[in-house]
Structure formats: C-alpha cells, structure tokens
Amino acid sequence: MLHVKNLHASVAGNEILRGVDLDVGRGEIHAIMGPNGSGKSTLAQVLAGREAYEVTAGEVTYNGKELLPMAPEERSREGIFLAFQYPVEIPGVSNTYFLKAALNSIRKHRGEEEYDAADFLALLKERMKLVDLDPALLNRPVNEGFSGGEKKRNEIFQMAVLQPTLAILDETDSGLDIDALRIVADGVNRLRDPERSVIVVTHYQRLLNYIVPDVVHVLVEGRIVRSGGRELALELEEKGYDWLREGAVVGK
Amino acid sequence: MNRVSGIPRTPAEQVEWYVGHFKSFEKRLNGEASSDVHTLRRRALDRFSGLGFPGTRDEEWRYTNVSPFVSIPYEPVSEPGGRRVDGGGSPATKFLEGIAVRGLPGYRLVFLDGHFAPDLSRLPENGAHVRTLSGVISASEGVNGDLMGYLGRGAEKDRENPFTALNTAFLREGACIHLPENFHSDEPVYLLFHSTHRPEPHCSHPRNLIVAGPGSSVPIIEEYSGPGNQPYFTNSVTEIFAGRGSRVELDRFQHEGENAFHVSSLYITQEADSAVTVNSVSYGSAMARHNITAVLAGEEAECTLNGLTLTTGTQHIDNHTVIDHATPNCASHELYKAILEGSSRGVFNGKIFVRRDAQKTDAKQTNKALLLSDDATIDTKPQLEIFADDVRCTHGATVGQLDEEQIFYLRSRGLGPEDARDLLTNAFASDVLNRIHLEPLREHLQAILHVLLCKGRILAENE
Ligand SMILES: Nc1ncnc2c1ncn2[C@@H]1O[C@H](COP(=O)(O)OP(=O)(O)O)[C@@H](O)[C@H]1O
Ligand SMILES: [Mg+2]
C-alpha cells in the first residue's frame with residue numbers, strides 16, 4: 001500500500017534523506033530503526049507532508065495514488081496518521097474540539113455524515129479506554145501542560161479516534177516508563193487490523209518486544225542499509241549501529 | 001451662533017471649533033450655567049484650549065497621529081438622529097434588536113448620538129441606583145449632592161489629556177450608577193452608546209459616573225457602535241470609584257463604524273480590598289485610542305485589565321494603560337492581546353508606577369500580538385517605574401505570526417489550512433474573551449469575532 005522509491009529530501013540545503021526505498025504491504029507492521037540524526041523523523045514528516053522538508057528526488061505511492069503532490073490534510077483524509085515524536089501544544093483549543101474538527105473533516109472527505117456532539121463524546125469515551133487516558137485531559141487544551149507520557153498517549157488516542165489506514169509512530173516509546181510503554185503498545189496492538197499498516201520508528205528495540213514487527217529496517221545516514229525480520233532488531237540491540245555505517249566493514 | 005465655518009485645519013482653528021460648540025451648548029443650559037458643574041466645564045474648556053489636540057511630538061501620542069481626524073468638522077448633535085428600521089413590529093423594539101446584544105438580563109441605558117433614548121432603555125422602577133447623568137445633575141441636591149462630589153474627581157487628576165478636558169467641557173449626558181453599601185447584583189447594567197446615520201460628520205462626548213459603595217458588586221457593560229461609511233467622533237469618559245471591598249466587572253467593547261474616530265478614557269479609583277476588572281474588546285473605528293488609568297489607593301486592592309483588539313485594512317487602535325500602585329499589598333494583572341491584519345497598526349503602552357510606600361506590590365503585565373500579514377505593525381512599550389524595593393513586577397511582550405508547527409500539526413489531522421489558521425487565531429483571542437463572565441456577552445463577542453477573523457482572511461486571500 002505504500003511504496004517509497006529513491007526518496008531524497010533536504011532541509012535548509014542539507015540533504016537528510018539520500019535515496020530511501022521502502023515497501024509496506026497492507027496490514028503489515030514495519031519497524032524503522034537507526035541512530036539519532038539518521039533521518040527517521042525526517043522520513044516520517046516527509047510522508048506526512050511537512051513543507052519545511054524539500055523533496056528533491058524520488059516518488060511515493062500510497063494506495064495507488066501519488067502521495068507527494070498531496071497537501072498534509074489530504075494525506076490525513078486519505079488515512080495517513082503521524083504520531084509525532086514531539087507532539088505540539090495548542091493553547092486555547094480543547095482536545096475534544098480539536099478531535100471533533102479533525103474527525104469531521106476526515107469523514108466529510110469520505111462522504112460520511114459528521115458526528116453530533118453526543119455521539120462523538122460516546123466515541124471518545126470508548127476509545128480513551130484503549131490507552132487509559134485521563135478523562136480530564138479531554139477538556140484541556142491540546143497537549144498543553146501534558147506530561148511527556150500523556151502527550152504520547154494522546155497521540156495514540158488520536159490514532160484510535162481517527163482510525164487511519166497507515167499509521168507512522170515516531171518514537172512513541174521515548175520518554176515512557178515501562179508501564180506506560182506497555183499501555184501504549186497494547187493500544188496499538190488492539191488497533192491492529194488487516195486493513196491497517198503501521199510504521200514504528202524507534203531508536204531502541206524495547207518497543208518491538210510489545211509491538212511485534214513483520215519487517216525491520218535500519219536507516220543510517222539517510223538510507224535504508226539493511227532490512228530483515230524481527231531478529232535484526234535484536235542484533236542491533238547487541239551490536240549497535242556502527243557496523244552498518246557507510247565505509248564500515250560489513251560482515252557477520 | 002459663533003462658530004468657525006469650513007474645515008478646522010490649524011491647531012488654533014481646531015480649538016476654536018469646539019469653543020464654538022461650547023458657546024451654543026452653554027446657551028441651551030439655562031439656569032444650569034451658574035452651577036458647580038458648569039464651573040467644572042468651563043475650567044475644562046480652558047484647559048482644553050490651552051492644550052489643543054496632541055501631535056506626534058507629544059510622547060503620549062507618538063505612534064497615534066490624530067490630526068487627520070481632529071481636522072474633520074464634526075458637528076454637535078442637538079437632536080438624536082433618525083432610526084432606520086426594517087420590517088414590521090414596534091419601531092423601537094425593531095431598532096433595538098438591530099443594535100443591541102440580545103439575551104442580556106438587567107438594566108439598559110441606550111444613548112443615541114449622545115442623547116438618552118428612554119423608549120429603548122430599561123431602568124429600575126424606583127430609579128435609585130441607575131440613572132442618567134443629566135437627571136442627577138438637574139436634581140443635584142441632598143444625596144445627589146454627595147454623588148456630584150465624585151464627578152471629575154478621577155478625570156480631573158489628568159491634566160494632560162485634551163480629550164478628557166474636552167469631554168468634561170461638554171459633560172452632561174451618560175450613565176450614573178451609584179451602588180449603595182452591600183448592594184449586590186449578578187445582572188448587568190448595560191450601557192449602549194450608538195451613533196446614528198446623519199447627513200454631516202458629528203460628535204458626542206458621553207460621560208459616565210460609577211460609584212460602587214462599600215461591599216457592593218455589579219457587572220457593567222459599555223458598548224460603542226455606529227454606522228459605517230460616515231465620519232463621526234465619539235469621545236467618552238468614564239469614572240469608576242470602587243469603595244472598600246466592592247467588586248466591579250466592566251466589559252467594554254468598541255465596534256464603531258469604519259470611518260469613526262473613537263477616544264475613550266477610563267479613570268478608576270480603588271479603595272482598600274476592592275477588585276475591579278475591565279475587559280476591553282476593540283475592533284471597530286478607523287482610529288481608536290483607549291486610555292485606562294487605575295489608582296490603587298487602598299491596601300489589598302486588585303485591578304485586572306484585559307484587552308483584545310482586532311484590526312484590519314488601515315485601522316489603528318491604541319491602548320494606553322496606567323496602573324498606579326499608591327499603597328502597599330495591592331495586585332494588578334494586565335493581559336492585552338492584538339490580532340492585526342492588512343496594514344493595520346496597533347499600539348500598546350502600559351505604565352506601572354509603584355510608589356515608595358507601595359511595598360509587597362504584585363504587578364504583572366503581558367502583551368501579545370499576532371501579526372497575520374506582513375504589513376501590519378504593533379508598537380509596544382512597557383514602562384515600569386518602581387520606587388519601592390519589596391515588590392514583584394513582571395512584564396512580557398511577544399509579537400509573532402501563527403506558529404508553523406501548530407498549523408502543520410492541525411493539518412496532519414485533516415484540518416484544511418484555513419481551518420487551522422482560524423482555529424489558532426480564535427484560540428489566541430479566546431484567551432481574553434473567556435475572561436468575560438457574562439455568558440450572553442461572551443458568546444455574542446465570540447460569534448462576532450469568529451466571523452470577523454474568517455472574513456478578514458478571505459478578503460486578504462482575494463487581494
Ligand atoms: N528543521 C530542520 N532544520 C535543520 N536541520 C534539521 C531539521 N530537521 C532535521 N534536521 C537535521 O536532519 C538530521 C536528521 O534528523 P531527524 O530526521 O530528526 O533524525 P532522527 O529522527 O533519526 O533522529 C539531523 O542531523 C538534524 O539535525
Ligand atoms: Mg527523530
């Protein structure tokens with residue numbers, strides 16, 4: 001459902017992605033691992049349509065459509081969801097209001113009826129249980145004053161409400177203690193669906209004990225240098241990333 | 001009639017223009033011309049004549065050039081203008097529906113072109129605590145005599161603002177609210193100053209006196225509105241005396257017509273333990289200057305000034321506030337926000353004095369501007385003059401555009417770019433609007449500003 005071919009992207013004149021190839025099938029879970037600064041977030045943001053990153057070469061198709069010409073909101077309406085590494089605070093806009101506006105704009109795009117207030121609230125209550133989110137956070141401004149863990153849970157909660165077909169989770173595990181990590185991973189697992197693909201971006205393999213990927217990719221210096229099964233993650237845990245860097249002697 | 005004809009171009013002609021108004025005003029006063037009130041007026045006229053209108057070389061008016069406006073030959077209005085009413089029903093009710101906030105309980109005083117409109121107003125039966133100022137002046141004996149003692153006590157301390165002097169010279173009509181000791185009401189007193197459509201440019205000088213007795217509390221609304229496409233000038237002065245332990249919330253909003261010139265000056269005097277909150281929302285007129293001066297004259301007094309301005313096109317709105325901490329243990333909180341579009345201009349000048357004896361003062365001032373276009377500008381100037389040593393005073397000012405990361409976050413959740421910007425702009429404004437306690441008024445303003453913000457954007461995009 002997602003095909004990335006030779007993707008190059010730069011920011012402020014620096015090339016960050018230097019030819020990424022990636023194929024994600026329907027219902028699959030892919031993990032992208034890599035050292036800090038290797039371009040994982042850049043890839044995630046480019047897929048979500050962040051204009052600050054300039055795509056200089058390559059193509060991306062999603063569900064048979066060309067993705068790169070689409071505006072961020074079109075991608076979202078077509079079912080792409082990015083859980084941000086650093087969720088943005090939006091003072092003055094309540095979580096509930098925000099999610100209702102988001103969900104209704106997606107439903108409208110699909111020709112579905114918009115939710116009324118009562119039905120929407122019932123939906124929120126049900127989906128909140130998935131990530132054990134404190135109901136008090138619903139009426140608070142989006143992410144404002146949330147703890148690191150609450151922000152991450154809120155991202156997965158949004159995913160649960162918006163029901164994307166491709167979810168990209170950018171370091172959703174970072175900053176979570178083991179209990180919170182379990183809750184978040186459980187939430188993601190319960191959202192598994194044969195129609196829903198997930199890209200899990202992570203620095204550590206810890207999360208992959210809970211969200212078990214079908215394929216693991218290693219991104220180093222803007223390129224996917226290796227792909228494999230879940231055992232690749234364990235290997236990385238053991239050996240680190242240095243052996244995969246450009247110019248390193250690759251051997252087993 | 002002894003009036004300058006033509007256009008008052010020079011400073012001397014501008015002064016003469018209003019001196020001419022004063023002479024005809026005086027003739028219609030009959031016996032009142034020998035009263036104490038009239039002495040106050042005459043002195044103010046002299047002061048105005050000496051000061052003249054300000055130029056941009058006056059430090060207080062550096063960013064606000066009033067000269068194109070004060071050279072317009074505004075005429076005084078001896079009879080209120082006609083009421084335009086569409087459709088059937090009682091003309092007065094229909095007219096009111098077109099200009100007033102709906103769903104507000106409590107008393108209402110409506111002034112058209114500076115004249116009281118009894119048929120549009122709703123006053124208490126006994127007439128005790130809410131009256132017209134002209135009514136109080138014409139019966140100024142006994143209790144009223146005490147009340148009259150307050151008149152000018154706050155405004156007369158300001159020796160430098162010619163607009164205040166001009167207002168005092170023509171002081172006659174407006175609202176007089178006098179709350180007896182421990183009087184309490186949740187229902188607002190709603191003051192509506194509306195200018196009507198007239199053939200010639202016109203002016204009015206509304207004057208309000210609010211005296212809150214010890215322990216009393218009431219919400220008050222002041223609204224200024226008028227027709228578009230026509231120049232007119234509103235020059236209002238309001239004085240508030242907040243007695244010991246009283247609580248006053250004043251919500252003011254200014255949405256004069258697009259060619260109007262609006263000056264408002266509010267003088268607040270607070271006694272011990274009193275709490276005064278002023279929420280000012282300003283989005284009308286071609287040029288507006290709002291002055292607020294608060295003197296914290298008794299310990300443990302608390303003053304809160306919140307402001308929101310919204311400007312577009314070539315509009316210019318200037319907020320000048322002065323908070324004078326004259327006694328120890330007082331608190332003041334200021335939050336002023338501005339949203340600017342087009343090539344509009346904003347000014348915020350916030351002075352805070354902390355006198356030598358005013359130890360344990362807690363003063364906080366915040367000013368935030370959101371620039372929605374490249375040509376909009378704001379001049380911000382905090383001025384803290386602190387003569388006491390054991391105080392907490394903070395101020396902060398930010399000027400910026402909408403945050404790109406916030407816009408992207410919203411768009412990544414399916415919101416279109418316009419919706420994302422609207423949501424963020426409304427959120428910026430709601431921070432101030434949410435401080436208005438009167439629900440019907442808050443909702444009224446939220447709805448209006450929502451439309452204005454969206455409309456402004458569409459206009460900007462089509463340019
Ligand atoms: N907005 C930006 N401006 C400048 N440099 C950036 C920006 N975003 C990312 N980078 C740089 O791009 C590289 C990759 O960053 P990122 O994609 O965040 O890596 P990762 O998520 O793998 O840690 C880093 O060197 C980072 O400094
Ligand atoms: Mg990252």
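A residue is termed buried when its relative accessible area is under 20%, exposed when it is over 50%, and partly exposed in between, with a 1.4 Å probe and protein chains only. H444(B), at 24% relative accessibility, therefore counts as partly exposed.

This is a predicted model, in which local features need pLDDT of at least 70 and side-chain atom pairs count only at pLDDT 80 or more, while totals for chains, interfaces and linings use all residues. Residues are numbered from 1 along each chain as its sequence is written, chains are lettered from A and ligands numbered from 1 in the order in which they are written, and side-chain values use heavy atoms, with hydrogens and water left out.

## Ligand 1 and its shell

The shell around ligand 1 consists of V11(A), I16(A), P35(A), N36(A), G37(A), S38(A), G39(A), K40(A), S41(A), T42(A) and Y53(A); a residue is near a molecule or strand if one of its heavy atoms lies within 4 Å of it. By residue class, this shell holds 4 nonpolar, 6 polar and 1 charged. The classes are fixed as follows: Ala, Val, Leu, Ile, Met, Phe, Trp, Tyr, Cys and Pro are nonpolar, Asp, Glu, Lys and Arg are charged, and the others, Gly among them, are polar. Helix α1 of chain A (residues 40–48) supplies the largest share of the shell, 3 residues. Helices (H or I, at least four residues) and strands (E, at least two) are DSSP runs, numbered from the N terminus.

Polar contacts (pairs of N or O atoms within 3.5 Å; within protein, one must be able to donate a hydrogen and the other to accept it, and residues adjacent in sequence count only if both atoms are side-chain atoms) are listed below for ligand 1 and for one pair in chain B.

| Partners | Atoms | Distance |
|---|---|---|
| Ligand 1 and S38(A) | ligand oxygen, polar backbone atom | 3.2 Å |
| Ligand 1 and K40(A) | ligand oxygen, polar backbone atom | 2.9 Å |
| Ligand 1 and T42(A) | ligand oxygen, polar side-chain atom | 2.5 Å |
| T132(B) and S134(B) | side chains | 3.4 Å |

On its own, ligand 1 has 550 Å² of accessible area, of which the protein covers 60%. Such areas come from the Shrake-Rupley method with a 1.4 Å probe, and for residues only the protein chains shown count as cover.

## The magnesium ion and helix α1(A)

The magnesium ion (ligand 2) has as protein donors S41(A), through OG, and Q85(A), through OE1, at 2.0 to 2.2 Å. Since S41(A) belongs to helix α1 and Q85(A) to the loop between β6 (80–83) and β7 (90–94) of chain A, the pair ties together parts that are 44 residues apart in sequence. Donors are N, O and S atoms within 2.8 Å of the metal (3.2 Å for Na, K and Ca); water is not among the atoms, so sites may look incomplete. Of the two donor residues, S41(A) is partly exposed at 22% relative accessibility, whereas Q85(A) is buried at 14%.

Helix α1(A) is largely enclosed by the rest of the structure, because 8 of its 9 residues are buried. Those buried residues are K40(A), T42(A), L43(A), A44(A), Q45(A), V46(A), L47(A) and A48(A). Just after the helix, G49(A) adopts a positive phi of about 100 degrees.

## Positive phi outside glycine

N143(A), a residue other than glycine, has a positive phi near 65 degrees. N143(A) sits in the loop between β8 (141–142) and α5 (148–162) of chain A and is buried at 0% relative accessibility. In chain B, D113(B) is not a glycine either, and its phi is positive at about 50 degrees. D113(B) is placed in the loop between β2 (107–112) and β3 (115–116) and is buried at 4%.

## Residues of chain B

T132(B) is part of strand β4 (residues 130–132) and is buried, with a relative accessible area of 10%. Beyond four places in sequence, T132(B) touches L109(B), F116(B), E173(B), G174(B) and C176(B), contact meaning heavy atoms within 4.5 Å.

L123(B) lies in the loop between β3 and β4 and is partly exposed at 35%. Apart from neighbours within four places in sequence, L123(B) contacts Y107(B), L109(B), F116(B) and V130(B). The C-alpha atoms of L123(B) and T277(B) are 24 Å apart, with a sequence separation of 154 residues.

H444(B) belongs to helix α10 (residues 439–462). Its contacts, leaving aside neighbours within four places in sequence, are V101(B) and F253(B). H444(B) and G103(B) are 341 residues apart in sequence, with a C-alpha to C-alpha distance of 9.5 Å.
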